[in-house]
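This report introduces a single protein chain to a reader who has not met it before. The sequence and the model come first, followed by a short account of the fold and its core.

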Amino acid sequence: MGPEFWTSLSGLLVSASGIYYAVLVFLRKAPSNPVTWGAWSIIGAALFVTSGATFGMNPMTLGVVNPIVIMFIAIWRQYKLAEKPSKQEIIGSAIGIMAIIAWLFAKRYQISAEWTLLFAMAADCVPALPILQNALEKPLTDRPFPWILYAFGY
């Protein structure tokens with residue numbers, strides 16, 4: 001089993017977790033704030049761009065596609081639950097946008113761009129901490145299976 005197999009398996013698990021969560025959001029069985037998923041879309045884009053991954057069946061691509069799909073389903077099905085973005089979402093999104101700008105700057109001036117991935121990873125951590133805290137304090141407010149599947153995929 002070579003790296004292609006593991007990349008495809010990883011992509012399949014991340015994809016399955018996104019599809020499953022999107023169905024839960026559509027059925028209104030999982031909480032979904034469209035603003036939060038918009039922030040995760042920006043952060044996913046930052047991770048994708050700065051990682052240098054190619055578009056395809058891999059977790060980095062699906063890390064962008066899944067939140068965008070879930071965001072649109074949440075807008076359609078749960079728009080009344082939309083809240084203002086939290087401070088962590090704003091900061092995470094801002095760091096994600098900075099990562100994309102830094103990556104574009106590095107590419108434009110032909111500088112090594114690997115360091116921009118650190119910004120994207122930081123952007124991913126900022127809004128994740130309150131989500132983890134909420135999951136520990138109120139474990140019955142969300143569905144853990146798609147998150148576990150997502151974690152195994154990565």
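For the charges, Lys and Arg count as positive and Asp and Glu as negative, while His and the chain ends are left uncounted; each charge is placed at NZ of Lys, CZ of Arg, CG of Asp or CD of Glu. On this basis, the mean positions of the 10 positive and 7 negative charges of the chain lie 11 Å apart.

The model is predicted, so local features need pLDDT of at least 70 and side-chain atom pairs count only at pLDDT 80 or more, whereas totals for chains, interfaces and linings use all residues. Residues are numbered from 1 along each chain as its sequence is written, and side-chain values use heavy atoms, without hydrogens and water.

The chain contains six helices and zero strands, where helices (H or I, at least four residues) and strands (E, at least two) are DSSP runs numbered from the N terminus. The radius of gyration, taken over C-alpha atoms, is 16 Å, close to the 15 Å that the globule rule gives for 154 residues, so the chain is as compact as a globular protein of that length. That rule is 2.2 Å times the number of residues to the power 0.38.

The largest nonpolar core has 21 residues, of which Tyr21, Val25, Trp37 and Ile70 touch the most other members. Such a core is a set of buried (under 20% relative accessible area, 1.4 Å probe, protein chains only) Ala, Val, Leu, Ile, Met, Phe, Trp, Tyr and Cys residues joined through side-chain atoms within 4.5 Å. The elements below each give two or more residues to this core.

| Element | Residues |
|---|---|
| helix H1 | 3–26 |
| helix H2 | 34–51 |
| helix H3 | 59–78 |
| helix H4 | 87–108 |
| helix H5 | 116–137 |

Leaving aside neighbours within four places in sequence, Ile70 is in contact (heavy atoms within 4.5 Å) with Gly18, Tyr21, Ala22, Val25, Ser32 and Trp37.

Methods: Buried means under 20% relative accessible area, exposed over 50%, partly exposed in between (1.4 Å probe, protein chains only).
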